[in-house]
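Visitor: I am new to this structure and would like to learn how to read a few of its features. Could you take me through them with care?

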Amino acid sequence: MRESTDGDDPAASADADRTPSGRVDVCVVGSGPAGALVAHRLTGAGHDVVVLEAGERFDGDRTERMERDIRPAYGPDSVWEMGGERDAYTTGGDRHYPLNAARVKGVGGSTLHWQGMVMRLHESDFRRRTRDGVAADWPIDYEDLRPYYAAAEGALGVSGAADNPFAPPREEPYDLPAFPPSYSDSLFAEACERLGVATHSVPNARLSESRGDDSACVGYGTCKPVCPSGAKYSAERHVERAEEAGARLLTRVPVQRLEHDESGDRVEAAVYATPDGTEHRQEARQFVVACGGVETARLLLLSESARHPDGLANSSGLVGRYFMDHLFAGAGGVLDEPTRQNHVGFLTSESHQFYDRPGAGASGTAGSIPPADGDLGPIKLEFLNYAGPSPVEMALSAEEWGDDLLGTLRDSYGTHVAMGGLVGQLPRAENRIELDPSRTDDHGNPVPKIRWSLDDRTRRTLERANEIQHAVLSELGVDVRWTVGPDSTGPAFHHMGTTRMGTDPDGSVVTPRLRTHDLENCWLPSSGAFVTSGAMNPTLTIAALALRVADDLDAELS
C-alpha cells in the first residue's frame, strides 16, 4: 500500500498520513537493502511491520534523473536530491570524506545509485587475525552465511557464472546467466593470459534476462548513479512487496532518537519528525536499525540518556569506531586502436587472483609479474568498461569548432582504456563516525563527523595493485597516462565497521546474530557489523546478514 508519490507530487506528499501506528511487532528504520529485505520477509511471515524512511519515494521517469547525470548543468548531488542542511556533515583526519557522494536518502537507499556488483566474501576474510596476524577474526565464518548468500543472490536477481576459480565454494547456480564479456574485456583477457593472470566474469545484481515485469538490461550505461530501465536491483522492489503483504511505509520521517524503557534494556519507541517538524513516537516489540554504516552509528549516538550517557548500545564505547572503506586503485591511458570502453556502464570481467595471495607472482607465455614481499591485504582487480573523457564535456570545453572539433572527438573518444581495483582498510579505532555539535541538521541535531585516514598496510597494498595494473596495461600496449594510488586514492563508498560484531560486549556493539549487546530488542543488520573489510563490494553480505536477522526475528516473535 504505497502511501505517497513524494518525488512526483509534493501536494500528495504533504497530505500523507505520517501519524504513528499502534504498537507493532517490528519497526524498521531505513528502507535500503537491509531494511527492505527484513521488512519483506517478516511481513511475509505474518508480522506487523512499520518502515520509517528519512527520504522520499522517487517515483516517476528515471530517464529524467539520467539526464541530470549526463548534463553538465546539474551537479552530481542533484540526481537523487542530496545536499543542503538535511544532509550536512563534516570530516576530519588525514583525508576529506565526500559523504554525500556516497549515499541516497530515499526508498531504496544506496541501491538507487550503486554499481550492482555482488560478490561473496572469501573464507579468508572471516579469519584475518588467524591468517595474517592483523585486525581480528569475525565471530562467524563463511559457512554460517553460505545459505544466506544463496538466498540473497536469489532475492537480488543475480546474473552470474561459476567460472571464478578463486571464489569461495558454492553449490547453487546463479538465477540468470552472466553478462558476456565486453569488447575491451577480450583485449585484457589476451594480455592477462600472456602474463599468467586469470580473468573471470562478475556477478551482477542486474537482470541479463527479463523476469516477470522487470526488464533485462538494455544498456543505458548510466548504472551509477541511475538505472532508467530498472534492470539493476533496487531495494524498492522488496519495499513494494512488503507493502503488498501489509507493511506500512512512512517517508520523509527522519528518526531523531530511540527511546528505551525504565530499565534501559529495551527500546520502546523510535521518535521521528515529519516535514513540518512535529515529532511522533512509533512503538514496537522489536527494532531494526538499518540506516547504513554512518547514519546507524549517528542515530545511536544521538539517543543518549541518563541510563546510556554515551548513546545507545555504546557501553563498549565502540559505536562509530573502526570505520572502514574500500580504496580505489587504478591506472589507464590510450591504446592505438578502438577499445569501446564507454559502451558498457558496469563491470563484466575481473580477476581475484591476487585476493588471497596479493604478493604472489604470475608467469605466462610472454611475460610475468614479479612477486612482492611484505604484509599486504586482499586486492580485487577490475577491468573497467568506462574510461576516458566524456565527449559532451570535451565539446563544451573545447576551443575549436566544426570539423576540427569532430576530428578531436574521433581521435580522443573510444581509444582510452583503464583498470581499477579495490583494496580494504584495516580496522582502526581512530577512524570513526562521531557527532559534531558545531554544526546541526535541519532538525537541530549534530551532524556526523567522519574521521578517516589510511594505514601503512593499505598504502602498500595500493602500490601492489598499481604494480599489477601497470604490468597488464604495458603488456596490452597502453600508453599509461594516469595512476590512482596511495596519495591520490579515494573511497569506494562502502561504509563498514561502525557497529562491529563480536562475542565480548566490551569489544563489540552487536552479537554474532547482530542484536545489540546492551538492548535485547534492537538489531543492526548492516556493513557496520563487519569486523574487517575484505576487498569485495559489501551489499551481498549486507543482504545475507539481513536475511539471517529476519529469520532470528521471526523466531523471536513467534
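Visitor: Is Leu-376 buried or exposed?

Guide: A residue is called buried under 20% relative accessible area, exposed over 50% and partly exposed in between, with a 1.4 Å probe and protein chains only. Leu-376 has a relative accessible area of 11%, so Leu-376 is buried. This is a predicted model, in which local features need pLDDT of at least 70 and side-chain atom pairs count only at pLDDT 80 or more, while totals for chains, interfaces and linings use all residues. Residues are numbered from 1 along each chain as its sequence is written, and side-chain values use heavy atoms, with hydrogens and water left out.

Visitor: Where in the chain is Leu-376 placed, and which residues is Leu-376 in contact with, leaving aside its neighbours within four places in sequence?

Guide: Leu-376 sits in the loop between β13 (368-369) and β14 (379-383), where strands are DSSP runs of E with at least two residues and helices are runs of H or I with at least four, numbered from the N terminus. Contact means heavy atoms within 4.5 Å, and beyond those neighbours Leu-376 touches Pro-358, Gly-359, Arg-457, Arg-460, Thr-461 and Arg-464.

Visitor: How are the strands of the open sheet with β3 ordered?

Guide: Strands of a sheet pair through backbone hydrogen bonds, either parallel or antiparallel, and two strands count as paired if DSSP finds at least two bridges between them. Here three strands follow the order β3-β17-β16 with mixed pairing. Because β3 (90-92) and β16 (432-440) stand at the edges with a single partner strand each, one side of each has no neighbour in the sheet. β3 pairs with β17 (residues 446-451) in the parallel sense over three bridges, and Gly-92 stands opposite Arg-451 in β17.
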